[in-house]
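I opened this notebook to keep a record of what I looked up in one structure, entry by entry.

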Amino acid sequence: MQPHEIPVFKFWVPEWMARSVIFAILMTCLFSFALYSSPAAAMGFYGIQPNDVQYAMIVIYGSTVAFLALDFRIVKYFSPRKCLLVALAINAACSVICFHMRNWTSFIICQFVQGITCALMSGIVLNLIFPRLKSTRARVIAYSILYCGIQISVPLYSIYSSMVLHYFDFNWLFYGFNILLIILALIVLLTMSSKARFTKKVPLYQIDWMGYLFYVCFILGLGYILIYGRQLGWFSSRIIVLLSLSSSMILILFIIRERKIKRPLINLQIFKAKNFVLGLLLLFTFYIFKGSTGLTYGYLENVLGNDPLSTIPIWLTVIAGTVLSMFVTSRLILMGYNLIRMIIAGFGIMALYYVYMLNFISVQGETIDFILPMFIYGIATGVLFVPIVSFTTSAAPPKIAINASLIGIFARFIGFTTSLAINNELQLYTRSAVREKFREALIETAAQLPVTLLDIQSSYMNAGSDAYTAKGVSTGYFNNFVREQILTRSTRDYYDLMLVGVLIVIVILIFTPQIQKVVLRLKKSNIPY
């Protein structure tokens, strides 16, 4: 029997166990993103700024996106078990380094390497899932399960990191990751065959390594511009100008190279496919709106005073909404419902989430008030993600369908990075506007301000504080009150803008006749994997 004819899993492994192992590999490869569920913990541990945490996230995400373009060639050369064990070993080594070294540069380098291992493990997961599913129906359901796992990984690992950070330091997250890696490595050794391969061994010749270098440099350069642009003053900064020029030049060289060589890293002919670019724009837009939920978690922590453990019910609600909506959505797709109408409904649910948040965000509130809107957000995520991905990939010709996935992942990365940049820019703008209004209000009521401070001071003295302590604490209390008011008002203004954006997208989709006529034709050849 040829190696590519040998089952990847050993003969005694039942199907339910094989699928469980595949799902465990998927969730493990996404574990590194758990490090960003509590930015304040990372900032305190490494002594860095919020933008540094954001860029570290961009590094691992961008590294994953870039290496996925090489991955489909690499998994054809190495056996899946060997690839997995190497990826797990590299991950473990990076985690040990980060556990013992409190160095930000080392952390960034390890994140880049772990992005490569994440791509490698993701590629193996895809090759394990889709060849096992012969019917188109099974593949649509598999897509839903796959993307559901990706979407719920963030809140799931946020729960884990909250529990660890409640009792230990930030670096103990790496310790827990290593335990998970060891367990998974043992499972892979026991259940997978060492001789099995996905295909016949294809030599690693004519791989576009130069294209990969251009691609990853462009991704990391663009990420740096979007994350640090506001802090450095955009084009008034020499660094931003030089990076913009060099990134533009790299992109031009990449496009020229990909159009000329026989085996390009990414086949750019995919952009000629009808409706493919529209699908990319929908993915990009979806991730911009999706990224705004970070403000909700920030509001819960900074205004309502939630500790991480108190936020666990919110994350569980998001997981429940996502799982439920993706299950229903996959059924609707199989029943032949119009994809664009489903996407419009998804954006409508996202608009409902913003409306709800605008009604409940204030300086006084309870965590329980935000369970329903976050459940609505989870439903919107599930309703939007699978139809948009299905719409995008179905537009691709079968021969180059794999490129639809690669470009789609890149569009999601750009949407996510842009959402961070927009958050940074709009929050600064809205907070500045609100702070100016507060300043004007304080000037108008300047005569009343000393009286207010004296009232606060008297309250502390009545509670048992001495006059000196009460005076200092009353000033701090008032400043904190003003800060909460500014944060709350600026968050509301930001969600106002997001709501307007969602409504504009809905109107465009409704009143564009050619979009309404698009029908998804479910065929095996339309699905990349």
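Before counting ring pairs I fixed the criterion: rings of Phe, Tyr and Trp, with the six-membered ring taken for Trp, pair if their centres lie within 6.5 Å. I also noted that the model is a predicted one.

Entry, aromatic pairs. With that criterion I found 34 aromatic pairs in the structure. I took Y354 and Y495 as an example: the ring centres are 5.5 Å apart and the planes stand at 45°, so I recorded the pair as tilted, given that planes under 30 degrees apart count as stacked and those over 60 as edge-to-face. This pair links distant parts of the chain, since I located Y354 in helix α13 (residues 339–360) and Y495 in helix α17 (residues 467–510), 141 residues apart. I then checked the accessibility of the two tyrosines and found both Y354 and Y495 buried.

Entry, a ring cluster. Following the ring pairs elsewhere, I found that they link F45, Y46, W104, F107, F170 and F174 into a cluster. At F45, which belongs to this cluster, I also noted a cation: the charged end of R102 sits over the ring of F45, 4.2 Å from the ring centre.

Entry, the whole protein. I counted 18 helices and zero strands. Of the 529 residues, 52% count as buried, and the protein exposes about 24600 Å², of which carbon and sulfur atoms supply 66%. Turning to contacts between residues at least 6 apart in sequence, I noted that 84% of them join residues at least 24 apart.

Entry, L88 and T64. Is L88 buried or exposed? I placed L88 in helix α4 (residues 80–100) and read a relative accessible area of 3%, which is under the 20% cut-off, so L88 is buried. Setting aside residues up to four places away in sequence, I found L88 touching M121, L181, L184 and A185. I also looked up the separation of the C-alpha atoms of L88 and C118, which lie 30 residues apart along the chain, and the value is 9.5 Å. C118 came up again when I turned to T64, for T64 is in contact with G115, C118 and A119 once its neighbours within four places in sequence are left aside. T64 lies in helix α3 (residues 50–74), and because its relative accessible area is 9%, I entered T64 as buried.

Entry, a nonpolar patch. Which residues make the nonpolar surface patch of about 710 Å²? I listed Y167, F168, W172, Y175, I179, I183 and I187, and saw that the largest share, five residues, comes from helix α7 (residues 172–191). I then examined Y175, which is found in helix α7, and noted that Y175 is partly exposed, with a relative accessible area of 43%.

Entry, an unusual backbone angle. Most residues other than glycine have a negative phi. Against that background I recorded that W234, although not a glycine, has a positive phi of about 50°. Where does W234 lie? I found W234 in the loop between α8 (209–232) and α9 (238–260), and its relative accessible area of 23% makes W234 partly exposed.

Technical notes. Residues are numbered from 1 along each chain as its sequence is written. This is a predicted model: local features need pLDDT of at least 70, side-chain atom pairs count only at pLDDT 80 or more; totals for chains, interfaces and linings use all residues. Side-chain values use heavy atoms; hydrogens and water are left out. Helices (H or I, at least four residues) and strands (E, at least two) are DSSP runs, numbered from the N terminus. Buried means under 20% relative accessible area, exposed over 50%, partly exposed in between (1.4 Å probe, protein chains only). Contact means heavy atoms within 4.5 Å. Patches are made of residues with over 30% relative accessible area and no salt bridge: like charges are joined within 9 Å, nonpolar side chains (Val, Leu, Ile, Met, Phe, Trp, Tyr) within 5 Å. Accessible areas come from the Shrake-Rupley method with a 1.4 Å probe; for residues, only the protein chains shown count as cover. A salt bridge is a side-chain nitrogen of Lys or Arg within 4 Å of a carboxyl oxygen of Asp or Glu. A charge sits over a ring if NZ of Lys or CZ of Arg is within 6 Å of the ring centre and within 35 degrees of the ring normal.
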